[in-house]
Amino acid sequence: KDSDDEELRGSLEQIDIAGRRVFNLLENLLKWASLQTGRIKSKPEVCDLNQIIIHTKNLLEHQALQKNISITTKVPSEISAFADANMLRTILQNLISNAIKFSEKGSKVEIKAEEEADSVKIYVSDEGIGMPKQMLERLMKLDTNTSRLGTGEEKGSGLGLIISNEMINMQNGSLQVESTEG
């Protein structure tokens with residue numbers, strides 16, 4: 001009763017942030033458990049890649065706006081991929097969310113896709129803080145903790161890239177990570 005509107009708004013924002021963190025952690029744990037028990041199966045189909053990328057970008061736009069980060073796409077309008085659309089959405093959401101999480105305010109994230117002879121390459125690049133070589137080497141290992149705070153003190157579980165990597169492998173693809181600290 002004694003709080004003013006600004007104090008209440010700040011408290012509600014903190015509750016919202018905490019709720020989103022718990023939800024994301026739970027969602028990642030459930031997906032990882034489902035992958036480990038074989039409950040998630042890859043169901044590849046021809047997907048409109050541009051539509052999936054735009055949808056995922058729009059989903060994460062609010063997260064980017066909070067840090068004044070612009071998300072740009074360079075995706076041919078008629079590009080398609082033979083993949084499991086739901087897994088692809090999860091993978092892109094994890095990659096783009098990480099790019100935002102580890103980027104400084106006012107920077108940019110770029111999503112690019114290009115067709116090759118028998119595959120499609122998707123790039124998510126950012127102007128973030130990067131990773132030291134030792135962290136990069138341990139990135140996809142479940143037995144090591146590579147989780148760290150984002151540039152806005154965002155917390156992560158360290159499962160997003162592991163889940164993405166497993167989903168990509170299930171579709172006969174590969175995840176490559178390049179990073180330089182700073």
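These questions and answers walk through a sheet, two helices and two residues of a predicted model.

Q: In what order do the 3 strands of the open sheet lie?
A: The sheet is open and its pairing is mixed. Its edge strands are β2 (70-74) and β5 (120-126), each pairing on one side only. On average, neighbouring strands are turned by 10° against each other, direction ignored. The order is β2-β4-β5.

Q: Do β2 and β4 run parallel or antiparallel?
A: Strands of a sheet can pair either way, through backbone hydrogen bonds. Here 5 bridges join β2 to β4, which spans residues 108-115. These two strands run parallel.

Q: Which residue in β4 is the bridge partner of Thr-72?
A: Thr-72 sits in strand β2. Its contacts, leaving out residues up to four places away in sequence, are Val-109, Glu-110 and Ile-111. The bridge partner is Glu-110.

Q: Is Thr-72 buried, partly exposed or exposed?
A: The relative accessible area of Thr-72 is 33%. Buried would need under 20%, and exposed over 50%. Thr-72 is therefore partly exposed.

Q: At what angle does α2 run to β2?
A: Helix α2 covers residues 49-65 and lies across β2, β4 and β5. Helix α3 (residues 85-101) also packs on the sheet, touching β2, β4 and β5. The direction of α3 makes about 25° with that of β5. For α2 and β2, the angle is about 175°.

Q: How far apart are the axes of α2 and α3?
A: The two helices pack at an angle of about 40°. α2 passes α3 in a right-handed crossing. Their axes are 9 Å apart.

Q: How many nonpolar residues does the contact of α2 with α3 have?
A: The α2 side includes Leu-49, Ile-52, Ile-53 and Leu-59. The α3 side includes Leu-88, Leu-92, Ile-96 and Ile-100. By class, the contact has 5 polar and 2 charged residues, and the nonpolar count is 11.

Q: Is Ser-107 buried or exposed?
A: Ser-107 is in the loop between α3 and β4. Not counting residues up to four places away in sequence, Ser-107 touches Asn-68, Ile-69, Ser-70 and Glu-127. Its relative accessible area is 8%. The cut-off is under 20%, so Ser-107 is buried.

Q: Which residue has its backbone oxygen 2.7 Å from a polar atom of the Ser-107 side chain?
A: Ser-107 belongs to the loop between α3 and β4. A polar atom of its side chain lies 2.7 Å from a backbone oxygen. That oxygen belongs to Glu-104.

Methods: Residues numbered from 1 in each chain as written. Predicted model: local features only at pLDDT ≥ 70, side-chain atom pairs only at ≥ 80, totals over all residues. Heavy atoms only, no water. Pairing = 2+ DSSP bridges. Helix = DSSP H or I, 4+ residues; strand = E, 2+ residues; numbered from the N terminus. Axes fitted to C-alpha atoms, helices over the stretch in contact; angles between N-to-C directions. Contact = heavy atoms within 4.5 Å. Left-handed = near helix turned anticlockwise from the far one by under 90°. Nonpolar A, V, L, I, M, F, W, Y, C, P; charged D, E, K, R; others polar. Buried < 20%, exposed > 50% of the residue type's maximum accessible area, 1.4 Å probe, protein only. Polar contact = N/O pair within 3.5 Å; in protein donor to acceptor, adjacent residues only side chain to side chain.
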